Amino acid sequence: MARVESFDILVFGGGKAGKTLAMDQAKAGKRVAVVEAGLIGGSCINIACIPSKTLIRSAEVAHATRRAAEFGTHADNVRTSLDLVRNRTASVVAEMVAFNQSGFDASGFELVIGWGRFVSPKTIAVETGNGVRTLTGDKVYINLGTTAAVPDVPGLANADPITHVEALQLGDMPRHLLVLGGGYIGMELGQAFRRLGADVTIIESGERLAPREDEDVSSALLDVLQGEGVNIALNCNGTTVTGKSGQSVSVKTADGRHFEGSHLLVAAGRRPRTEGIGLELAGVELDTRGFIKVDEHLRTTAQDVWAMGEVAGTPMFTHASLDDYRIVASQLKGGSRTTQGRIIPYCVFIDPEFARVGLNESEARSRGIEYRTARLPMDVVPRARTLSQRKGFMKALVAKDSDKILGFSMLGVNAGEVMSVVQMTMLGELPFTVLRDGIFAHPTITEGLNMLFGNVK
Ligand SMILES: Cc1cc2nc3c(=O)[nH]c(=O)nc-3n(C[C@H](O)[C@H](O)[C@H](O)COP(=O)(O)OP(=O)(O)OC[C@H]3O[C@@H](n4cnc5c(N)ncnc54)[C@H](O)[C@@H]3O)c2cc1C
Ligand SMILES: NC(=O)c1ccc[n+]([C@@H]2O[C@H](COP(=O)([O-])OP(=O)(O)OC[C@H]3O[C@@H](n4cnc5c(N)ncnc54)[C@H](O)[C@@H]3O)[C@@H](O)[C@H]2O)c1
């Protein structure tokens with residue numbers, strides 16, 4: 001039996017929650033190790049949020065340059081070099097990785113690079129470049145994330161589809177990008193590649209984009225994307241795939257539609273990283289969807305083992321994984337923070353952005369909550385006019401029998417930032433009248449909240 005190295009805290013997977021916990025505990029004087037396959041800083045900075053938002057910014061510049069004449073400037077012969085876009089993305093990622101690495105070094109935890117798997121309760125064998133190391137922890141925290149799901153569509157796996165990982169590293173412009181899935185990744189990357197110069201077709205099995213949002217949101221998202229020439233095919237069921245991504249690929253639907261492209265990006269949801277890593281040897285049980293079963297304190301079914309982030313079924317956002325860190329850190333300090341009742345906002349980084357916090361109408365209805373609504377088209381917000389960014393709307397839900405804000409949705413320029421203002425009002429349990437009557441600087445997008453909440457009847 002290999003020598004077993006003991007730690008106070010052993011973190012399995014260095015995602016947002018895991019790396020933050022490791023730094024925090026190492027700084028507090030604990031002996032801490034993190035087992036990480038190779039992404040220094042986790043998915044967000046290497047292959048997900050940061051590279052995608054960097055690519056999206058390049059796409060915004062390309063789009064704005066093409067619209068330059070509208071603003072009085074002529075920019076002829078606009079062309080995009082995807083290799084330069086890729087280099088910019090890679091350099092932003094490299095800076096973030098270096099920044100994370102220096103934070104890790106300063107905190108003093110041990111980063112063990114290699115593929116890990118449980119070999120017994122609270123004990124992980126890691127295949128490092130220098131042989132296998134076996135580590136155990138008094139307390140173990142699992143933060144392994146998810147990978148792109150490849151749905152069971154005939155011919156799909158054989159077509160070698162790309163995922164977000166490869167899409168964010170392409171150096172040659174796809175002639176025609178087919179995107180399987182019209183969710184967050186499909187919408188964000190679909191619009192970005194269209195703006196960078198590719199033809200794009202999004203192939204979505206559902207009857208509308210973003211089905212968790214209200215129907216008015218789904219149809220506005222459709223208008224925005226179609227308005228820029230993204231071809232969107234809904235209700236695509238019984239699909240089959242032939243050909244190879246990177247050469248020539250085609251997708252057919254059961255009702256006879258047929259899409260031809262040069263590349264196929266699969267963006268059809270996520271799969272937890274729970275297979276083949278010995279969770280059964282550790283006593284860690286899974287739920288019916290294959291995610292790690294946790295309680296509201298993020299405790300797994302194994303003694304002194306917690307799970308955090310996407311692998312634990314937490315909503316798939318970096319800020320939600322960070323809040324999982326807060327929950328486990330609070331327990332280490334004798335606190336009682338839990339996952340119950342937390343408000344997790346989100347923002348889809350299409351342009352204009354879509355952001356939501358709290359309930360939308362369909363959720364309020366399905367929970368039997370009575371509400372009042374207010375709606376405001378972005379077109380009437382003065383700042384949106386000065387920016388020529390007039391698409392979209394704001395919508396708020398207010399309780400029927402009190403002035404409590406129940407939720408806010410916005411498709412519009414700076415939606416993520418405006419949403420945060422509403423979120424602070426909700427966190428402070430302030431009435432909607434604070435946003436109706438507060439003095440906001442003119443002309444900001446946020447001042448639209450005066451008009452929006454003025455529309456609450
Ligand atoms: C394209 C894309 C864009 C996104 N954009 C946003 C966004 O704009 N905003 C937002 O909030 N969220 C976004 N997300 C979601 C966000 O990236 C995740 O929710 C976030 O990174 C939290 O992940 P995590 O902490 O669960 O784990 P991760 O960050 O995925 O960390 C898990 C770590 O475990 C390691 N690992 C896995 N298995 C093993 C093993 N057996 N041995 C050793 N190490 C292992 C992995 O290498 C990885 O580093 C995006 C996701 C994608 C895919
Ligand atoms: N801005 C952000 O915060 C951001 C950005 C990207 C990703 N994310 C996170 O990552 C998660 C995963 O993103 P995603 O886009 O992969 O998943 P998603 O769940 O958002 O969307 C997947 C879409 O694929 C469709 N689909 C599934 N199987 C299909 C099939 N066989 N054919 C056609 N369509 C099919 C689904 O109906 C759905 O609309 C998101 O849910 C989100 O939590 C967040």
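**Exercises on backbone geometry and a ligand shell**

P352 is located in the loop between β17 and β18 (353-358). The model to which these exercises refer is predicted.

**Exercise 1.** Determine which peptide bonds leading into P352 and P443 are cis, and place P443 in the chain.

*Solution.* Step 1: most peptide bonds are trans. Step 2: between D351 and P352 the bond is cis, its omega being near 0°. Step 3: H442 and P443 are likewise joined by a cis peptide bond, with omega about -10°. Step 4: P443 occupies the loop between α13 (433-437) and α14 (448-454).

**Exercise 2.** Establish where K122 and D304 lie and whether each is buried, partly exposed or exposed.

*Solution.* Step 1: residues other than glycine mostly have a negative phi. Step 2: K122, not a glycine, has a positive phi of about 60°, and D304, also not a glycine, has a positive phi of about 60°. Step 3: K122 belongs to the loop between β4 (115-120) and β5 (123-128), while D304 belongs to the loop between α8 (279-282) and β16 (305-307). Step 4: K122 has 18 other C-beta atoms within 10 Å and is therefore partly exposed. Step 5: D304 has 13 C-beta neighbours inside 10 Å, so D304 is also partly exposed.

**Exercise 3.** Describe the composition of the shell around ligand 2.

*Solution.* Step 1: ligand 2 is surrounded by 26 residues, of which the closest are G181, G183, Y184, I185 and M316. Step 2: the elements giving two or more residues are α6 (184-196) and β17 (346-348). Step 3: α6 provides the largest share, four residues. Step 4: by class, the shell holds 15 nonpolar, eight polar and three charged residues.

Methods. Residues numbered from 1 in each chain as written. Chains lettered and ligands numbered in written order. Predicted model: local features only at pLDDT ≥ 70, side-chain atom pairs only at ≥ 80, totals over all residues. Near = placed C-beta within 6 Å. Nonpolar A, V, L, I, M, F, W, Y, C, P; charged D, E, K, R; others polar. Buried ≥ 20, exposed ≤ 12 C-beta atoms within 10 Å, placed from the backbone.
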